[in-house]
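Take a look at the structure below. This report covers two topics, the ligand site and the cysteines.

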Amino acid sequence: MIIASNFKTNHTRQSTCAYLDTLQQFTEKSGSRQDILVFPPATALDRFSVASNIRVGVQNAYPVDKGSFTGEIGLEQIDEFGLRTILIGHSERRHIFGETQALCAKKYDYFKSKGFEIVYCIGEPEEVRKAGIDAVVDYNLEQLEGIDLSYEKLIVAYEPVWAIGTGLSASVAQIDETHRRLRETIKAPLLYGGSVKPETTKEILEIENCDGVLVGTASWNVDNFCRMIEIADSL
Ligand code: PGA
């Protein structure tokens with residue numbers, strides 16, 4: 001399974017190093033078989049000596065090699081650390097920073113052409129969820145417009161906006177139904193994200209069409225994140 005942590009705007013360079021050290025020791029000791037992804041803030045990126053099943057990625061980047069894009073990083077900055085995993089389309093990028101579907105697709109095409117492993121996020125806002133499952137599926141499929149779903153290094157994360165950072169996860173029934181419907185279109189690994197906690201990890205990972213979790217808040221504590229990996233190992 002894929003167990004991923006998105007640090008967002010949390011952790012420093014120093015605390016990221018300490019986090020990855022602890023994570024590395026944990027996986028060595030437990031012999032974990034999970035695919036573990038960690039997305040630190042851009043200022044904490046580095047070459048980390050971690051096991052091959054732990055991959056560090058970038059939370060965001062502009063689809064250029066280099067250039068004049070103040071505040072952004074491009075391929076040259078990522079290449080310095082040999083990183084090849086990226087998060088694209090996170091709801092915070094879409095809703096807070098106004099990233100359009102066209103920009104998400106442009107980033108996707110660019111980083112696909114560079115051979116990146118891409119965690120591509122989709123998810124509906126609360127009013128769409130209230131309108132029922134067909135509206136939810138339509139909304140999520142629109143966020144796949146321009147995205148090559150046959151790319152072999154694609155991972156899709158279904159993250160309902162109303163569940164992100166709210167402490168209120170989607171229910172097992174909601175995830176099950178949504179993933180089942182999305183699975184008709186998406187053959188890539190399908191993660192769930194949105195207030196996943198150690199206590200809810202088992203029931204979520206047991207959902208048939210759920211191939212892992214993308215975790216924010218609960219994963220910022222490395223012990224919690226290791227607990228989630230341990231739960232995945234126990235299934
Ligand atoms: P959360 O964030 O776990 O804090 O809800 C999930 C995410 O945004 O990936």
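How far is an oxygen atom of the ligand from an N or O atom in the side chain of lysine 8? The distance is 2.7 Å. Keep in mind that this is a predicted model.

**The ligand site**

Lysine 8 has company. There are 13 residues around the ligand. Those that come nearest are Lys8, His90, Glu159, Gly165 and Thr217. The table lists polar side-chain atoms and their distances to an oxygen atom of the ligand.

| Residue | Distance to a ligand oxygen atom |
|---|---|
| Lysine 8 | 2.7 Å |
| Histidine 90 | 2.6 Å |
| Threonine 217 | 2.5 Å |

How much of the ligand does the protein bury? Taken alone, the ligand exposes 280 Å². The protein buries 99% of that area.

Now consider the space itself. The ligand takes up the second largest pocket. The shell around the ligand can be sorted by class. Seven of its residues are polar, four are nonpolar and two are charged.

**The cysteines**

How many disulfides does a search of the whole structure find? The result is zero. Cysteine 104 shows why. Its closest cysteine sulfur belongs to cysteine 121 and lies 9.2 Å away, so the two are too far apart for a bond. A disulfide needs the sulfur atoms within 2.5 Å. Cysteine 121 is likewise in no disulfide, with the sulfur of cysteine 104 as its nearest cysteine sulfur.

Are these cysteines buried or exposed? Cysteine 104 is buried, with a relative accessible area of 0%. Cysteine 121 is buried too, at 1%. The cut-off for buried is under 20%.

Terms used. Residues are numbered from 1 along each chain as its sequence is written. This is a predicted model: local features need pLDDT of at least 70, side-chain atom pairs count only at pLDDT 80 or more; totals for chains, interfaces and linings use all residues. Side-chain values use heavy atoms; hydrogens and water are left out. A residue is near a molecule or strand if one of its heavy atoms lies within 4 Å of it. A polar contact is a pair of N or O atoms within 3.5 Å; within protein, one must be able to donate a hydrogen and the other to accept it, and residues adjacent in sequence count only if both atoms are side-chain atoms. Accessible areas come from the Shrake-Rupley method with a 1.4 Å probe; for residues, only the protein chains shown count as cover. On a 1 Å grid over the protein atoms alone, a cavity is a set of points where a 1.4 Å probe fits but cannot get out, and a pocket is an open set with protein on both sides within 12 Å along at least five of seven lines; lining residues have an atom within 4 Å of a point. A molecule sits in a cavity or pocket if more than half of its atoms lie within 2 Å of its grid points. Ala, Val, Leu, Ile, Met, Phe, Trp, Tyr, Cys and Pro count as nonpolar, Asp, Glu, Lys and Arg as charged, and the others, Gly among them, as polar. Buried means under 20% relative accessible area, exposed over 50%, partly exposed in between (1.4 Å probe, protein chains only).
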